[in-house]
Amino acid sequence: MVNLGGIRKEVSIELVPQAQVGDYVIVHVGHAIGMIDPDEAERTLALFGEMSAMAATESAA
Amino acid sequence: MNARDDSKGGTVRAGYVRPLDIRNGRIDMGHGAGGRAASQLIEEIFLAAFDNPFLRQGNDGASLAIPQGSRLVMATDAHVISPLFFPGGDIGALSVHGTVNDVAMMGATPLWLSASFILEEGFPLADLKRIVQSMAAAAREAGVAVVTGDTKVVEQGKGDGVFISTTGVGVVPHGIDVSGANARPGDVILLSGTVGDHGVAVLSQRESLEFETTIVSDTAALNGLVADMLAACPALRTLRDPTRGGVATTLNEIARQSGVGMLLDEAAIPVKPEVDAACELLGLDPLYVANEGKLLAIVPADQADSVLAAMRAHPRGADAARIGVVTEDPHHFVQMNTRFGGRRVVDWLSGEQLPRIC
Amino acid sequence: MKYIDEFRDGDVARRIADRLATEARGDRAYSFMEFCGGHTHAISRYGVSELLPANVRMIHGPGCPVCVLPIGRVDMAIRLALEHDVIVCTYGDTMRVPASDQLSLTKAKARGGDIRMVYSAADALTVARDNPERQVVFFAIGFETTTPPTALAILRAQREGLKNFSVLCCHVLTPSAITHILESPEVRQYGTVPIDGFIGPAHVSIVIGAAPYEHFAEEYRKPVVIAGFEPLDVMQAILMLVRQVNEGRAHVENEFTRAVDRDGNLAAQQKVSEVFELRPSFEWRGLGEVPYSALKIRPAFAEFDAERRFDVGYTPVADNKACECGAILRGVKKPTDCKIFGTVCTPENPIGSCMVSSEGACAAHYAYGRFKDIPVVTA
């Protein structure tokens, strides 16, 4: 059972057998096909921010 | 009434007719034949629920008095929604609200409805009674009377439980001109509340999709809201309710009818988070999902604030928002500034996104 | 919505756009190809192209499985429904693809064919279980993302001993498509389609991992950046590609680290190799015959192979002469280069497959980007 913003739906986790309650998964055609790694997600978001922070320092230099 | 003895030694009142078995009974071909069975069905289910002076006269039609200084407005809608009962409503309520709203969108006060039922052989009487009572409640709440109607029965397999067609008649005073052809560049576009609720509520019941949600249909009569808006601004240009095809389709219709373009602000369009999520899950765009209790209004720019205030003061307009402006555009595009910072066209709906949603 | 909204933030988008404007060198043009339907859709729906510098251009590659499905394959599905009385289960987008004899699956349904839209292969299994006296065929299309669910369906059908279920397998492979494009005359010899790098597909990479792309980076010296399917992911990936090009690097980089690693989803890959094997060749719409680019069902599961169960052979069918889908899929032409775009060929009346699926280049441009083609006075 996955929850997206309050909507609950049953999907198959046969392809992601290691998924536990509380994990985030990516769903396609009724199946979970992969898991989201929360640390990597944070790192990616920080990367977006970093890239733009570099813009600020470069233009200041 | 004469009494007579029956074989068991008790008395049976002549003229006694056994009432319909609502609990277990079903529609059969006899109910559509126009004879006694049909008459009993009409009396016990329809007349009992809709009861009013017009119906009590027992004629095939209703004679209506038109107030002086008014024009008549007429609108019609058929309802084939599946499933018949969904979170927040049913086909009965929908059939009343839909037509009441269509009349109201012309700036008119809805007064009288006709209701025509096509019933499938085998349809449970209990369901029919539930639907008709729902219609009666909706009509009472909206202040309209169901003054005439019709019932037909088709063989099993040739219908889908029940199809309902309603026609509504209302009156509009001279001088009020609300039309889809009136929008002018510079006008402001207002929306009365959140989008996509009805479509998502109905979809959640469709078998192959089955997702759990607390979203309910927004089906509601809007004539009270319209009356307040017209009082605040008699020069309202356009009113329309975004049903099938959603806000996107309705705005495109108006743009074409008025010969204008539009520019919307995505961030200003109210959407419930759960509706957003459901659309994300199903690959839908909330702008194209049906609504049954919302309206779009186009008003002159200097009146926008007072109309918005009137909307927000009414229970059916509490979430009203200003969502865009009318522009000069020979191509009649409806464009939108996206939350992301880009711009895109909000085109007509292509193909069939959601079948049998209304 | 967590992990979704943060990746659609407009402020961050503007900052990445500024960064791009600084780093894209003014003395050259950059052309990057994406071939993931999700990316095509994201770029159009969120107006990403607008935020890119003028000298950075995106080319839409063959990432839409409906768009690369040859007419002949749709004909097979239609014949199964109309001539073999089969219940054909198919994904929604496939229903509107125009096929031979003025038919499509939707039109065949109107003629009495029992054709049902399903959201997954598992739904098709349910139809088979609910209709034991009828034959049911699942029209399986899609890249590596959709293939594992089909494999699961066949395995389950075998476990349950279903006798009336089979699959018309049209699954295709992403790396082969890329190779084919890189080997095409326009790219290799003529240089008429300059491709400086690729945005690797999102969902497909979750399944196959980042490793398969290393071959392209090495062999063809083109950088590849795997991107998530949210608009910020795409913009970040474009920035990473610009950097690689500027620095003369050609590596595989992964922007989608939160869901993709080098190996991919091994459980899914194992199921796929259990059920499917490579076809020596397969026709792609617009690309012609492409070697080792598609899958067929292994002999061990022959009873679930619709091509073996029914007598429906594949006959290639040429596209409408005016249709430029082939050139558009290869990135050689843009939708607006097609003479019938927006006039004869529209979403209501699609002539070619690029207009049918919302992930197709033409449909995406028609729905979201047409305002750029015509000067419009805005408020």
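Is C:Asp85 buried or exposed? Select C:Asp85 to begin the tour: this residue is exposed, with a relative accessible area of 52%. The model on display is a predicted one, and every value quoted below is computed from it.

**Stop 1: two loop residues of chain C**

With C:Asp85 still selected, display the backbone around it. The residue sits in the loop that links α3 (71-83) to β3 (87-90) of chain C. Its phi is near 55°, a positive value in a residue other than glycine. Most residues other than glycine have a negative phi, and most peptide bonds are trans.

Next, move to C:Gln102. This residue belongs to the loop between β3 and α4 (105-110) of chain C. C:Gln102 also has a positive phi, of about 60°, although it is not a glycine. With a relative accessibility of 70%, C:Gln102 counts as exposed.

**Stop 2: helix α5 of chain C**

Select residues 121-130 of chain C, which form helix α5. Colour C:Ala121, C:Asp123, C:Ala124, C:Leu125, C:Val127 and C:Ala128, the buried residues of this helix. To see what they pack against, show β3, β4 (115-117), β5 (136-142), α6 and β6 (165-171) of chain C.

**Stop 3: the crossing of α6 and α12 in chain C**

Two packed helices are described by the angle between their axes and the distance between the axes. Select helix α6 (residues 147-160) and helix α12 (residues 266-275), both of chain C; their axes come within 9 Å and cross at roughly 60°. α6(C) and α12(C) are therefore oblique to each other. The crossing of the two helices is left-handed.

Now display side chains at the contact. On the side of α6(C), select C:Thr147, C:Pro148, C:Ala151, C:Leu152, C:Ile154 and C:Leu155. On the side of α12(C), select C:Ala268, C:Lys271, C:Val272, C:Glu274 and C:Val275. Sorted by character, the residues of this contact comprise eight nonpolar, one polar and two charged.

Remain in α12 of chain C and pick C:Leu266. What is the relative accessible area of C:Leu266? The value is 54%, and C:Leu266 is exposed. Draw a distance from its C-alpha atom to that of C:Ile206: the separation is 9.9 Å, for two residues 60 positions apart along the chain.

**Stop 4: chain A and its meeting with chain C**

Switch to chain A, which has 61 residues, of which 36% count as buried. The chain contains one helix and four strands, and along the sequence the order is β-β-β-β-α. Among contacts in chain A between residues at least 6 apart in sequence, 0% join residues at least 24 apart.

Select A:Thr44, placed in helix α1 (residues 38-60) of chain A. A:Thr44 is buried, with a relative accessible area of 3%. Which residues does A:Thr44 touch, not counting residues up to four places away in sequence? Display C:Phe7, C:Asp233, C:Glu255, C:Thr257 and C:Arg258 to see these contacts.

**Stop 5: chain B as a whole**

Turn to chain B, whose C-alpha trace spans about 85 × 55 × 30 Å along its principal axes. Colouring by secondary structure shows nine helices and 16 strands. Of its 358 residues, 53% are buried. In chain B, contacts between residues at least 6 apart in sequence join residues at least 24 apart in 84% of cases.

**Stop 6: a cis peptide bond in chain B**

Zoom to B:Ser82 and B:Pro83, which are joined by a cis peptide bond with an omega of about 5°. B:Pro83 is part of the loop between β3 (70-79) and β4 (85-86) of chain B.

**Stop 7: helix α9 of chain B**

Finish with residues 304-312 of chain B, helix α9, and highlight its buried residues B:Ala304, B:Val307, B:Leu308, B:Ala310 and B:Met311. Rotate the view to look down the helix axis: the buried residues of α9(B) fall within an arc of 160°, so they line one face of the helix. Then add β9 (188-191), α6 (223-232), β13 (296-299) and β14 (321-327) of chain B, the elements against which the buried residues of α9(B) pack.

Methods. Residues are numbered from 1 along each chain as its sequence is written. Chains are lettered from A and ligands numbered from 1 in the order in which they are written. This is a predicted model: local features need pLDDT of at least 70, side-chain atom pairs count only at pLDDT 80 or more; totals for chains, interfaces and linings use all residues. Side-chain values use heavy atoms; hydrogens and water are left out. Buried means under 20% relative accessible area, exposed over 50%, partly exposed in between (1.4 Å probe, protein chains only). The arc is that of the directions from the helix axis to the C-beta atoms. Contact means heavy atoms within 4.5 Å. Axes are lines fitted to C-alpha atoms, for helices over the stretch in contact, and angles run from 0 to 180 degrees between N-to-C directions. Angles under 35 degrees count as roughly parallel, over 145 as roughly antiparallel, 65 to 115 as roughly perpendicular and the rest as oblique. A crossing is left-handed if the near helix is turned anticlockwise from the far one by less than a right angle, and right-handed if clockwise. Ala, Val, Leu, Ile, Met, Phe, Trp, Tyr, Cys and Pro count as nonpolar, Asp, Glu, Lys and Arg as charged, and the others, Gly among them, as polar.
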